[in-house]
Amino acid sequence: MTKPDVSIENIFAGQFEENSELTLKGWVYNVRMSGKKLGFLLLRDGSSTMQCVVFSGSTEAESFENFAKLTQESSLTVSGTIVKSPKAPGGWEMQVKSINILQIAENYPITPKEHGPDFLLNLRHLWIRSSKQHATLRIRSEIISAVREFFDQRGFVGFDAPIFTPSACEGTTNLFEVNYFDEAKAYLTQSGQLYGEAGAMAFGKVYVFGPTFRAEKSKTRRHLTEFWMVEPEVAFADINSNMELAEDMICHIVERVLRTRRRELEVLERDISKLESIKKPFPRLHYKEAAAILEKESKDNFKTGMDFGGGDETILASKFDKPIFVHGFPTAIKAFYMKEDPADPTYTLSCDLLAPDGYGEIIGGGQREESIDVLKKKIAEHGLDQSVFEWYLDLRRYGSVPHAGFGMGIERCTAWICGTQHVRETIPFPRMLYRLNP
Ligand code: 4AD
Ligand code: MG
């Protein structure tokens with residue numbers, strides 16, 4: 001087996017042989033000369049960036065001349081020895097012996113000066129190389145890995161739901177319609193939940209993880225038209241065990257990112273102490289308690305019975321320094337599958353998790369209606385066509401049990417953990433009302 005190349009990240013973690021010569025492959029992040037004989041190259045290799053020092057006395061003559069030709073984002077390989085350098089980023093630098101240029105980059109459009117968001121989003125294919133974007137997407141990847149690790153370790157089965165679906169899951173107002181051959185219309189899935197419920201009845205505990213679509217006409221910093229959602233679904237679970245599962249998952253994610261992606265959090269200038277204080281239990285407020293606060297403090301004319309706006313969520317979350325659960329939303333504003341509270345059927349056994357610092361709802365879920373008669377009534381009340389839900393009603397015909405689950409949007413969670421203002425920076429290529437490119 002050939003030895004894998006040593007990456008800059010390996011070097012920063014001390015996973016390399018000191019004093020041996022190494023070759024790094026990558027791109028120029030920045031170059032500068034200091035006088036005539038000394039030059040500094042910030043090399044990025046995809047894993048991280050490292051300072052490489054060229055010196056006319058120790059770098060090969062031809063390579064020293066090559067150094068002068070380098071432009072931002074030129075591709076190259078650099079060989080030399082790695083030495084400790086407390087002042088260099090990461091604490092190590094390379095003393096360069098030779099440079100081999102692969103391509104001299106044309107004038108790179110993204111420079112260290114300030115660019116507007118539209119300019120950068122049009123260049124998203126290049127923008128992802130910039131340090132903050134790079135750190136954000138690295139953390140996103142870590143979060144996804146932590147989510148899978150969490151559910152896999154607990155014996156959940158990964159259960160992929162279809163993307164073309166015959167019916168709505170989360171209301172009919174934001175469906176993307178697709179022509180599905182001659183006869184039929186299909187919709188891009190808004191949520192894999194209904195299929196997850198079938199999975200839970202077959203496997204006990206499953207998680208659906210995939211892209212979901214909402215034709216959101218809203219231009220907020222929390223909305224994408226295409227986003228990724230993880231949706232666990234558990235047979236024999238109730239609303240309380242559902243909130244405990246969500247709480248454990250969030251703690252697991254935060255703990256993992258703090259352990260493995262500290263450098264990226266520092267690049268993003270995230271207040272790490274705030275993440276360190278995320279420990280269970282999270283506060284739980286009934287909708288009625290939350291509504292009483294908002295009746296007094298809402299700036300958006302909130303009245304009891306209404307759903308929360310983004311501003312309302314910010315007010316509620318600002319009262320706590322941890323994520324909070326709001327549970328028991330009114331039946332009138334929730335999806336058809338939500339189980340009504342037996343103590344008062346005008347409320348549901350639903351729960352949302354609101355992140356601190358104005359990031360708003362990152363999780364939505366609850367206990368599902370297990371009675372076929374109530375479900376049929378709700379499907380009719382919601383103006384849905386029962387015939388496309390017959391397969392779903394079968395889950396109540398053949399061994400119906402209490403069950404619960406939730407969905408977490410990966411981008412909302414990433415935005416909160418990274419401290420990123422807008423979810424558009426938490427996905428490689430965001431899709432929004434006015435953005436389909438690149
Ligand atoms: O609250 P939502 O709509 O819940 C569901 O779809 C349930 N079927 C989930 C379940 O119980 N299995 O969406 C769940 C989460 C939200 O809390 C949010 O994090 C994210 O999905 N989300 C969005 N993220 C980005 N852009 C959008 N337009 C989003 N809509 C929802
Ligand atoms: Mg929701």
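Trainee: In this predicted model, which elements each supply at least two residues of the lining of the largest pocket?

Mentor: Elements are taken here as helices and strands. Three strands and two helices meet the condition of at least two lining residues, namely β11, β17, β18, α11 (310-317) and α14 (410-418).

Trainee: Which of these elements gives the most to the lining of the largest pocket?

Mentor: The lining of this pocket has 42 residues in total, and E361 is among those closest to the centre. The element that gives the most supplies five residues, and it is β17.

Trainee: How much space lies in the largest pocket?

Mentor: By class, its lining comprises 16 nonpolar, 13 polar and 13 charged residues. The space within the largest pocket is about 1100 Å³.

Trainee: What takes the space of the largest pocket?

Mentor: A molecule is assigned to a pocket if more than half of its atoms lie within 2 Å of the grid points. The occupant of the largest pocket is ligand 1.

Trainee: How many residues surround ligand 1?

Mentor: A residue counts as near if one of its heavy atoms lies within 4 Å of the molecule. E170, Q193, E231, E361 and I362 are the closest. By class, the shell has seven nonpolar, eight polar and eight charged residues. The number of residues surrounding ligand 1 is 23.

Trainee: Which strand contributes the largest share of the shell around ligand 1?

Mentor: The strands β11 (226-235), β17 (360-367) and β18 (403-409) each provide at least two residues of this shell. The largest share, five residues, is that of β17.

Trainee: Which residue has a polar backbone atom 3.1 Å from an oxygen atom of ligand 1?

Mentor: The side chains of E170 and Q193 offer other polar atoms to the ligand. In E170, a side-chain N or O atom is 2.7 Å from a nitrogen atom of ligand 1, and for Q193 the distance from a polar side-chain atom to a ligand nitrogen is 2.7 Å. The backbone atom in question belongs to G409.

Trainee: What percentage of the accessible area of ligand 1 does the protein cover?

Mentor: On its own, ligand 1 has 630 Å² of accessible area. The part covered by the protein is 94%.

Trainee: What is the volume of the second largest pocket?

Mentor: By class, the lining of this pocket has twelve nonpolar, 13 polar and seven charged residues. The volume of the second largest pocket is about 790 Å³.

Trainee: Which elements give two or more residues to the lining of the second largest pocket?

Mentor: Of the 32 lining residues, L120, W127, S130, S131 and K132 are the closest to the centre of the second largest pocket. The elements asked for are β1 (21-34), α3 (117-122) and α5 (131-153).

How values were computed: Residues numbered from 1 in each chain as written. Chains lettered and ligands numbered in written order. Predicted model: local features only at pLDDT ≥ 70, side-chain atom pairs only at ≥ 80, totals over all residues. Heavy atoms only, no water. Polar contact = N/O pair within 3.5 Å; in protein donor to acceptor, adjacent residues only side chain to side chain. Areas by Shrake-Rupley, 256 points an atom, 1.4 Å probe, with all protein chains shown as cover. 1 Å grid on protein atoms, 1.4 Å probe; cavity = no way out; pocket = protein on both sides within 12 Å on 5 of 7 lines; lining within 4 Å. Helix = DSSP H or I, 4+ residues; strand = E, 2+ residues; numbered from the N terminus. Nonpolar A, V, L, I, M, F, W, Y, C, P; charged D, E, K, R; others polar. Points joined across faces, edges and corners; volume = space filled by probe spheres on them.
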